[in-house]
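Grab a viewer and work through these exercises with the model open. Each task comes with a solution that goes step by step.

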Amino acid sequence: MSKLYKFYTYTRQNGLGQAVRKTQIYLSKKTAPAIKQPIEVMASIEDIMNADYINHPYKTPKKKSKKKSLKIGWVLSPISKGSGGQNTITRFARFLQEQGHDVTFYIYEGIHPQSPAEAKAILSESFNFDVDVKKVSQYTESDALIATGWETAYPVFNINTKAHKFYFVQDFEPYFYGLGSKAVLAENTYKMNFYGITAGRWLTKKVSEYGMKADYFDFGADMNIYRLADKADKQKKICFYARPVTERRAFELGVIALDKFHKKHPEYTIEFFGWDVSNYQIPFPYVNRGILSHQDVADLYKESEACLVLSLTNVSLLPLELLAAGCIPVMNEGENNSLVLGENKYIHYAAASPIELANELCKVVEIKNINTYAKKASESVKDLSWDESYKKVERILIREVIGG
């Protein structure tokens, strides 16, 4: 059957306008250039191919001679405003800088470009941190070179240097993805023989499964921001750390749990924070706070009786900050949370079930004298700070690079 006859038949059945549109679609498919999807896996393909950690493993260099300070390079992906992980890195880097160490940030562009000038501006504006910033290609010899996110481990492995190589591990990143290429490539970085510095002991345990030697630092909280006033003054309010863009924060699970909680306690205001969720269908009344400043978050905690904060990989920084502010954290149970946070009776754990999480929220808001309970929760972490963690990371670096 000729194409002309097909056009005639289709026109009689569907009309001329529809026939013309179908013909246009057909011709566009025939004439449009093929657009092929690039292979993108966070790190550059060249760096992945060059990182032969099996046949040419990284060997830890000899300890360096005694010296008063270290030259330390941190390798980071492009800096993002509001990044929690990068905020933690800048905390430690700032402390090391204040102790007299020479700190440089190296930006690994991978698949996303960012100039040192742009990165430096964001570090100054968003993290209040002034540091030398260069591209990885501009690396100069240092005593310690630290990988951060998994994608940065590949260029760190490939850099030819006498520096001792470290891996600052803040989460178990293979869990960030479905079972596929990125998960495997992230797992492989734990086999590169870098010395690990992990956020909490759960991660030390996880990376040791790959033969990785590591030490950990404990979490802290900024008491200047989150410390509860002398007297708690709670409102009929709970909050939810809502991060739909971060799967490990179990947004959907939390919404279902809160729906059940709301049916039992409709008198409570529920406030979402951490992301703008206005495009989501939330089945109960709520306040959409979006991304807040540290001070606004602290104020929200001090007003709220409880906070639902879910972590399916390494625990977040929130629970200790919540306690400091007298807000009771309700969390999913698991050693990824409890092994890091330790024993604290004011942290309320429940099975990762919407029903159990809702029930635990109900138990908290039904506590008599909640203001007294909140004050005791705050007192339970009154001696907590980041200072000892900063000092421990410095000790780890000095121990592994110099000895002693």
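**Exercise 1. Charges and overall picture**

Task: find how far apart the mean positions of the positive and negative charges are.

Solution. Start with the ground rules: this is a predicted model, where local features need pLDDT of at least 70, side-chain atom pairs count only at pLDDT 80 or more, and totals for chains, interfaces and linings use all residues. Residues are numbered from 1 along each chain as its sequence is written, and side-chain values use heavy atoms, with hydrogens and water left out.

- Step 1: pick the charges, with Lys and Arg as positive and Asp and Glu as negative, leaving out His and the chain ends.
- Step 2: place each charge at NZ of Lys, CZ of Arg, CG of Asp or CD of Glu.
- Step 3: the protein has 53 positive and 46 negative charges, and their mean positions are 5 Å apart.
- Step 4: for scale, the C-alpha atoms fill a box of roughly 85 × 60 × 40 Å along the principal axes.

**Exercise 2. The six-stranded sheet**

Task: work out the strand order of the open sheet and name its edge strands.

Solution.

- Step 1: count elements as DSSP runs numbered from the N terminus (helices are H or I, at least four residues; strands are E, at least two). That gives 16 helices and 13 strands.
- Step 2: look for pairing, which takes at least two DSSP bridges between two strands. Six strands come out in the order β10-β9-β8-β11-β12-β13, with parallel pairing.
- Step 3: β10 (287-288) and β13 (348-350) pair on one side only, and they are the edge strands.
- Step 4: check one edge. Strand β9 (residues 269-273) runs parallel to β10, joined by two bridges, and phenylalanine 272 sits opposite asparagine 288 of β10.

**Exercise 3. How enclosed is β5?**

Task: decide whether the faces of β5 are buried or exposed.

Solution.

- Step 1: set the scale: buried is under 20% relative accessible area, exposed over 50%, partly exposed in between (1.4 Å probe, protein chains only). In the protein, 50% of the 404 residues are buried.
- Step 2: take one face of β5, where His164, Phe166 and Phe168 are buried, then the other, where Lys165, Tyr167 and Val169 are buried too.
- Step 3: six of six residues are buried, so β5 is largely enclosed by the rest of the structure.
- Step 4: find a neighbour. Strand β4 (residues 144-147) pairs with β5 in the parallel sense over four bridges, and alanine 144 has histidine 164 as its bridge partner.

**Exercise 4. Aromatic pairs**

Task: describe the ring pair of phenylalanine 92 and phenylalanine 168, and say which elements it ties together.

Solution.

- Step 1: rings of Phe, Tyr and Trp (its six-membered ring) pair if their centres lie within 6.5 Å; planes under 30 degrees apart are stacked, over 60 edge-to-face, the rest tilted. The whole structure has 34 such pairs.
- Step 2: phenylalanine 92 and phenylalanine 168 are 5.6 Å apart centre to centre with 65° between the planes, hence edge-to-face.
- Step 3: phenylalanine 92 lies in helix α4 (residues 84-98) and phenylalanine 168 in strand β5 (residues 164-169), so the pair ties together parts 76 residues apart in sequence.
- Step 4: both phenylalanine 92 and phenylalanine 168 are buried, and they belong to one aromatic cluster whose members include Trp74, Phe217 and Tyr390.
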